[in-house]
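Here are my notes on this one, as promised. Have a look at the structure first, then read the points below alongside it.

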Amino acid sequence: MPDITMCANKKCPLRDMRYRYRAIPDRYQAYALFEPKKTLLVASLSGIAEVTNCALQKK
């Protein structure tokens with residue numbers, strides 16, 4: 001059972017890479033609509049990578 005709020009956004013381009021979307025839900029599971037947020041450039045020893053975070057959709 002994932003002890004997280006799972007993502008229910010079926011239109012998200014990142015859904016296949018996110019645990020919030022791919023985890024196997026429990027019988028009683030919480031869901032929310034997350035959407036991709038800003039893309040950040042992160043420098044590391046192996047170079048520069050793009051990182052996209054997800055956030056709750058605001059209404």
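A disulfide here is a pair of cysteine sulfur atoms within 2.5 Å. Keep that cut-off in mind for the first point, and bear in mind that this is a predicted model.

1. Cysteines. How many disulfides does a search of the whole structure find? The search comes back with zero. Take Cys 7: the closest cysteine sulfur belongs to Cys 12, and at 5.8 Å that is too far for a bond. The cut-off is 2.5 Å, so this pair does not count as a disulfide.

2. Where those two cysteines sit. Are Cys 7 and Cys 12 buried or exposed? Cys 7 has a relative accessibility of 9%, so it falls in the buried class. Cys 12 comes out at 2% and is therefore buried too. The threshold used for both calls is under 20% relative accessible area.

3. Overall layout. You'll find one helix and four strands in the chain. Going along the sequence, the order reads β-α-β-β-β. The helix, α1, covers 19-22, and β2 covers 31-32, with a loop between them. That loop is where the next two points take us.

4. Gln 29. This residue belongs to the loop between α1 and β2. Its relative accessibility is 17%, which is why Gln 29 is classed as buried. What does its side chain reach? One partner is the backbone nitrogen of Asp 26, at 3.2 Å. Another is the backbone oxygen of Ile 4, which lies 2.8 Å from a polar atom of the Gln 29 side chain. I'd look at both contacts together on the model, with the Gln 29 side chain in view.

5. Ala 23. The loop between α1 and β2 also holds Ala 23. With a relative accessible area of 9%, Ala 23 is buried. Along the chain, Ala 23 and Met 6 are 17 residues apart, yet their C-alpha atoms are separated by 7.7 Å.

6. Whole-chain numbers. Of the 59 residues in the chain, 19% are buried. The accessible surface is about 5200 Å², and carbon and sulfur atoms account for 55% of that. As for contacts between residues at least 6 apart in sequence, 34% join residues at least 24 apart.

7. To pull the loop together: Gln 29 and Ala 23 both count as buried. The Gln 29 side chain has polar partners in the backbone of Ile 4 and of Asp 26.

Conventions
Residues are numbered from 1 along each chain as its sequence is written. This is a predicted model: local features need pLDDT of at least 70, side-chain atom pairs count only at pLDDT 80 or more; totals for chains, interfaces and linings use all residues. Side-chain values use heavy atoms; hydrogens and water are left out. Buried means under 20% relative accessible area, exposed over 50%, partly exposed in between (1.4 Å probe, protein chains only). Contact means heavy atoms within 4.5 Å. Accessible areas come from the Shrake-Rupley method with a 1.4 Å probe; for residues, only the protein chains shown count as cover. A polar contact is a pair of N or O atoms within 3.5 Å; within protein, one must be able to donate a hydrogen and the other to accept it, and residues adjacent in sequence count only if both atoms are side-chain atoms.
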